[in-house]
Amino acid sequence: MIDDGVQALVTTRGADEADHAPLMMNLSLLVGDDPDQVIQHRRQVAKWLSRSIESMVYAEQVHGGDVAIVTEADCGRGAVTAAGSVPATDGLLTCEYRPVLSLLFADCVPVFLAAPEQGWIGLVHAGWRGTAQRIAARAVKILAAEGVSPASLWAGIGPSIGVCCYEVDETVVRAVGAAGQLAAGAAVPSSIPGRFRLDLGEVNRRLLLAAGLAEERIERAELCTACHPQWFFSYRRDGRHSGRLGGFICRK
Ligand SMILES: [Zn+2]
């Protein structure tokens, strides 16, 4: 997905290697699962990245628009207890080697950013509220202030709830529309009056384009979390105790 020098991944619900039985690889410490098991899953992900859990940096994720720059000193935050997460933050950026930027998702849009030549990486959690606050564009703006030109950025938009399944009311469409990126096709009227189907991944793609990214540098996984129960957790489908999949990015 992203150029040399950076590694990124999105987890699935997992399957047991031996019998392919669902492993339910939930990565959230806040949905009622045994914390030891969740931590074990996080250790597994760290191993896939050739890193340790002590390098992971988690954020509180409050469906806000704030993005934080983190450093080596933040490594381990939120990794074994949610209480230590970077507070009131839905986006993480770093230019350092050690931090593994780690965010959790169940339908919301994961937006990965990388400028491998300058050594910057980023990860954003964009639900409709974060999207309405243009969180992905805010991340790009912070990077620009650090000397990373938007045109040099690569972006990956991970699996999220698709236009097929994401029915919302007018309040949501209006809030996201206020972010200015609701041109043709991103919200279509559903069969129920006053309801719309929203393509949140597309809205985020347009936010990135408007922020100055080149179209050919934005890649999108066109996979809906709600209609692929064999692969993904989905808040819409499974409710508030739904597991969470993880998005991770770090240098390599
Ligand atoms: Zn769907």
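**Exercise 1. In which sense do E6 and E7 pair, and over how many bridges?**

Solution. This is a predicted model.
Step 1: Locate the strands. E6 spans residues 109-115 and E7 spans residues 120-126.
Step 2: Read the pairing. The two strands run antiparallel and share seven bridges.
Step 3: Pick out a pair. His125 in E7 stands opposite Pro110.
Step 4: Look at the connection. Four residues lie between E6 and E7, which form a hairpin. Gly119 sits in the turn, with a positive phi of about 80°.

**Exercise 2. Which residue is the bridge partner of Ala114 in E8?**

Solution.
Step 1: Find E8. This strand covers residues 154-157.
Step 2: Establish its pairing with E6. The sense is antiparallel, over four bridges.
Step 3: Identify the partner. Ala114 is bridged to Trp154.

**Exercise 3. Are the faces of E6 covered or not?**

Solution.
Step 1: Apply the cut-off. A residue is buried if 20 or more other C-beta atoms lie within 10 Å of its own.
Step 2: Count over the strand. Seven of the seven residues of E6 are buried.
Step 3: Split them by side. Val109, Val111, Leu113 and Ala115 lie on one side, Pro110, Phe112 and Ala114 on the other. Both faces are covered.

**Exercise 4. Where are the buried residues of H1 placed around its axis?**

Solution.
Step 1: Set out the helix. H1 takes in residues 35-48, 14 residues in total. From first to last C-alpha it reaches 20 Å, close to the expected 20 Å at 1.5 Å a residue.
Step 2: List the buried residues. They are Val38, His41, Arg42 and Ala46.
Step 3: Check the arc. These residues cover only 145° around the axis, so they are on the same side of H1.
Step 4: Turn to the face directed away from the buried side. There, Asp36, Gln40, Lys47 and Trp48 are exposed.
Step 5: Find the packing partners. The buried residues of H1 pack against strand E2 (56-58) and strand E5 (100-105).
Step 6: Go past the helix. Ser50 follows H1, and its phi is positive, near 60°.

**Exercise 5. Why does the radius of gyration of the protein chain agree with a compact globule?**

Solution.
Step 1: Take the chain length. For 252 residues, a compact globule would have a radius of gyration near 18 Å.
Step 2: Compare. The protein chain has 17 Å, which agrees.
Step 3: Add the box. Along the principal axes, the C-alpha atoms fill roughly 50 × 45 × 30 Å.
Step 4: Add burial. Buried residues make up 46% of the chain.
Step 5: Check contact range. Of contacts between residues at least 6 apart in sequence, 70% join residues at least 24 apart.
Step 6: Tally the elements. The chain has six helices and 13 strands.

Key: Residues numbered from 1 in each chain as written. Predicted model: local features only at pLDDT ≥ 70, side-chain atom pairs only at ≥ 80, totals over all residues. Buried ≥ 20, exposed ≤ 12 C-beta atoms within 10 Å, placed from the backbone. Pairing = 2+ DSSP bridges. Rg over C-alpha atoms; globule rule 2.2 N^0.38 Å. Contact = placed C-beta atoms within 7 Å. Expected span 1.5 Å × (residues − 1). Arc of directions from axis to C-beta.
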